[in-house]
Amino acid sequence: MKINLKNLEKKMLLKKGIKFVFLFAAAFLAGTAAGKAKDHFFPAISETITSADTIPEGTASVSAGIAPAADGNWGLSFQQEGQPPIANATAEELKKYDAYYTGNNEEKVIYLTFDAGFENGNTPAILDALKKHKVPATFFVVGTFISTNPELVKRMVEEGHTVGNHTYHHPDMSKISTKDAFAKELGDVADVYKEITGKEMTKFYRPPQGKYSEANLQMAKDLGYKTFFWSLAYVDWYENDQPTKEQAFEKLLGRIHPGAVVLLHSTSKTNGEILDELLTKWEEMGYTFQPLTELTK
């Protein structure tokens, strides 16, 4: 039988090409899936939400009620270094829903909080620094963090920190329209917390990704929860693109202000490395630290 070598070569190249495309597609999908797993807890929130210079276009006027920014998030506008930012709503408007984002702007007090979606080895260093400085903090945790890190959660409690509710699955709570579904996201976390610690969970709630609606705030209040946003944070949630020490200090020292509710992520390697020094610098600036329980009095 006569073999056409040219046709055979073409077929072999075609097979190789198909195989390459298949492998590339598989790798791409795997990478996308891995990325989504982390993005589920730390999405690409624009810096507007944490430390931007302006509230995003489309944000409702605060006089129109408690409205999220155009993308559904909590939004801040920093006008002057060392001064509290302007937010989507005033402290007075939020208080009607037992919600807070800042404390007394006349007192040099910091309320330190951490959001914990998963554990990657940085929380022990954070707890060590807090213990050294005798600083109380609130850790807003998701349900799986408690079930997979029971010893860390017990340590938080034993060392005087508050463990708050960041929902079980970390969904966009502004899209949850029924009170039953809303209550389940919070209740499931409280249940697993009690299983692990034997204690009732403090009814402090932070909306995942800062996404909320006025109806959500009312639901949380009806369930006996106090909702906490923040008045200072910075882009620290990208695990593979961490800010430098200098970048962190620029934001966290330059924009600290009296009554600040600071949000940091416990997954941040930078935060784990700088917290001891950061707390020292804040103390040298004349700041003291109080738990969120003091903010609600």
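Three elements, α3 (91-95), β3 (99-100) and α11 (292-295), each put at least two residues into the lining of the largest pocket. Keep in mind that this is a predicted model. The protein has 297 residues, and its secondary structure comes to eleven helices and ten strands. Here's a quick tour of the pocket, one residue beside its centre, and a helix that packs against some of the same elements.

**The largest pocket**
- Its volume is about 230 Å³.
- The lining consists of 13 residues, and those nearest the centre are Thr 102, Gly 103, Asn 104, Leu 295 and Lys 297.
- α3 hands over the largest share of that lining, three residues.
- Chemically, the lining is a mix: five nonpolar residues, five charged and three polar.
- As general background, rolling a probe the size of a water molecule over the atoms shows where empty space is left.

**Thr 102, up close**
- Thr 102, one of the residues nearest the pocket centre, is in the loop between β3 and β4 (109-116).
- Its relative accessibility is 7%, so Thr 102 counts as buried, the cut-off being under 20%.
- Setting aside neighbours within four places in sequence, Thr 102 is in contact with Ser 231, with His 257, Pro 258, Gly 259, Ala 260 and Val 261, and with Leu 295.
- Leu 295 turns up twice, then: it is in contact with Thr 102 and is also among the residues nearest the pocket centre.
- Pro 85 is 17 residues from Thr 102 in sequence, and their C-alpha atoms are 9.4 Å apart.

**Helix α8**
- α8 covers residues 214-222, and its buried residues are Asn 216, Leu 217, Met 219 and Ala 220.
- Looking down the axis of α8, these buried residues fall within an arc of 160 degrees, so they line one face of the helix.
- The general rule behind this kind of pattern is that an α-helix has 3.6 residues a turn, so residues three or four places apart point the same way.
- The packing partners of α8's buried residues are α3, β3, α7 (179-197), β7 (204-205) and β8 (226-228).
- Two of those partners, α3 and β3, also supply residues to the pocket lining.
- Just past the end of α8, Gly 224 has a positive phi of about 90 degrees.

**The whole protein**
- Buried residues account for 49% of the 297.
- Among contacts with a separation of 6 or more, 75% link residues 24 or more positions apart.
- The exposed surface is about 14,600 Å², with 55% of it supplied by carbon and sulfur atoms.

Note on methods: Residues are numbered from 1 along each chain as its sequence is written. This is a predicted model: local features need pLDDT of at least 70, side-chain atom pairs count only at pLDDT 80 or more; totals for chains, interfaces and linings use all residues. Side-chain values use heavy atoms; hydrogens and water are left out. On a 1 Å grid over the protein atoms alone, a cavity is a set of points where a 1.4 Å probe fits but cannot get out, and a pocket is an open set with protein on both sides within 12 Å along at least five of seven lines; lining residues have an atom within 4 Å of a point. Grid points are joined across faces, edges and corners, and a volume is the space filled by probe spheres set on the points. Helices (H or I, at least four residues) and strands (E, at least two) are DSSP runs, numbered from the N terminus. Ala, Val, Leu, Ile, Met, Phe, Trp, Tyr, Cys and Pro count as nonpolar, Asp, Glu, Lys and Arg as charged, and the others, Gly among them, as polar. Buried means under 20% relative accessible area, exposed over 50%, partly exposed in between (1.4 Å probe, protein chains only). Contact means heavy atoms within 4.5 Å. Accessible areas come from the Shrake-Rupley method with a 1.4 Å probe; for residues, only the protein chains shown count as cover. The arc is that of the directions from the helix axis to the C-beta atoms.
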